[in-house]
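Here is an informal walk through one protein model, with an eye on its pockets and a few odd spots in the backbone. Have the structure open as you read.

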Amino acid sequence: MTLQKTTVSHTGALPTLPYYLYTDPRILELEKEKIFSKAWNYVGHTSQVAKPGDYFTCEAAGEPIIVVRDQDGTLRAFYNVCPHRATKLEKEAAGHKKILQCSYHGWTFQLNGQLHKAPNFKESDDFCSGAHCLKSVRVETQASLIFVNLDENAAPLAETYADFFEDIGQFGFLGKLKKHEVKQRIIKCNWKAFIDNFLECDHCPIAHPGFVATLDMSKYNIINGPYCNIQGSSVKQSRSDYDDAEVKEGRFYWIWPNVMYTVYPGPGNLSTIQMFPVDHETTLGVYTVFLEGDEPTEKQKELLAFTDQVRKEDVEIVELEQIGFKSRAFSQGICSPTEHGVHHFAQLVREALDL
């Protein structure tokens, strides 16, 4: 998929999602069941589990998950829950272990999920023979990115986001990157409001002066895939300071339902933006930056400052929007022809929730 042509699915004004979908707490419960528990959830980068014994913990659709590289090099994911009494198994965010141990009764598990020892069942013959192992979760990787899915019947990862992986695969440095920093922000908006904002750039000339001073907005394009959105443009010709940059364009991706990836002009880089609903009008934004090398260079520091400024500008916008969602003035808005990404996302939400 290229960005040579913008896909516009309509020429007039089409309605947005009804605003009650952004303000009704009952809707979020539906979304957890019908959207997040059935989707591929991005959880990390392969550099985080490079060696046997490396692991990290995360959440997917509200479920605690542990991702681990087992002794034979296989990447595995499990519910981070002990089968004995439901205790959260691993408490640390990441680390390296030869065996996993529950802090409650001392049950231990091999890195392939098999029960190793159950101290309070040591008198029971064959208790550790395999009936009480960790419950596995589907895990797949593509382009050095790790995803899990709670739905055993979901289509394969590569098939679901084929357009996204085809396009982001052009960046050969993805496998060389390491996690550099993670920042979290509590955002006073519904999670869908942030996605809507990401899926159009009509607001960019007003809200993001630094962004439009860098990228050629006359060439900016937005393309919808079945479960993704791809945006981008090249650096302005007048920006000679990017002549020697490894990346000379901006590329911005969204994949269903709540994850965004950005590749900014400059040294090789990838940022992930995850929007986790806390409640119907509060979202936890998790921003992770992946860079090459161990210590940031001056160019990388400039890049980090640039991306952080764009994020702050977006947060201010969506929080103002959430205030308006609760007003009686309007029940929904409209999408312009250049906001076809927003309209596409709305259609996916309607389909998932049977609206």
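What follows covers the pockets, then the backbone, then two side chains.

This is a predicted model, so to speak of local features we need pLDDT of at least 70, side-chain atom pairs count only at pLDDT 80 or more, and totals for chains, interfaces and linings use all residues. Residues are numbered from 1 along each chain as its sequence is written, and side-chain values use heavy atoms, with hydrogens and water left out.

**Pockets**

A pocket here is an open set of points on a 1 Å grid over the protein atoms alone, where a 1.4 Å probe fits and protein lies on both sides within 12 Å along at least five of seven lines; lining residues have an atom within 4 Å of a point. Volume is the space filled by probe spheres set on the points, which are joined across faces, edges and corners. Helices (H or I, at least four residues) and strands (E, at least two) are DSSP runs, numbered from the N terminus.

The largest pocket comes in at about 780 Å³. It has 31 lining residues, and T57, C58, E59, F276 and V286 are the closest to its centre. Elements giving two or more residues to this lining are α1 (25-36), β2 (41-45), β3 (54-60), β12 (178-187), β17 (269-279) and β18 (282-291). The largest share, five residues, is from β3.

The second largest pocket holds about 350 Å³ of space. Among its 19 lining residues, T16, Y19, D196, E321 and F325 lie nearest the centre. Here α4 (191-198), α7 and β19 (334-335) each give two or more residues, and α7 has the largest share with four residues.

The table splits each lining by residue class: Ala, Val, Leu, Ile, Met, Phe, Trp, Tyr, Cys and Pro count as nonpolar, Asp, Glu, Lys and Arg as charged, and the others, Gly among them, as polar.

| Pocket lining | Nonpolar | Polar | Charged |
|---|---|---|---|
| Largest pocket | 17 residues | nine residues | five residues |
| Second largest pocket | eleven residues | four residues | four residues |

**Backbone oddities**

Most residues other than glycine have a negative phi, and most peptide bonds are trans. With that in mind, where does P257 sit? It is in the loop between β15 (249-255) and β16 (259-263), and a cis peptide bond with omega of about 0 degrees joins W256 to P257.

A143 isn't a glycine, yet its phi is positive, at about 55 degrees. You'll find A143 in the loop between β10 (138-142) and β11 (145-149). D354, also not a glycine, has a positive phi near 60 degrees and lies in the segment after α8 (340-353).

For accessibility, buried means under 20% relative accessible area, exposed over 50%, and partly exposed in between (1.4 Å probe, protein chains only). A143 has 26% relative accessibility, so it counts as partly exposed, while D354 is exposed because its relative accessible area is 60%.

**Two side chains**

Is D308 buried or exposed? D308 is buried, as its relative accessible area is 11%, and it belongs to helix α7 (residues 298-325). Leaving aside residues up to four places away in sequence, D308 touches K183 and R185 (contact means heavy atoms within 4.5 Å). Its side chain also makes a 2.7 Å polar contact with that of R185. A polar contact is a pair of N or O atoms within 3.5 Å; within protein, one must be able to donate a hydrogen and the other to accept it, and residues adjacent in sequence count only if both atoms are side-chain atoms.

S218 is in the loop between α6 (209-214) and β13 (221-225), and at 68% relative accessibility it is exposed. The side chains of S218 and D216 share a polar contact of 2.5 Å.
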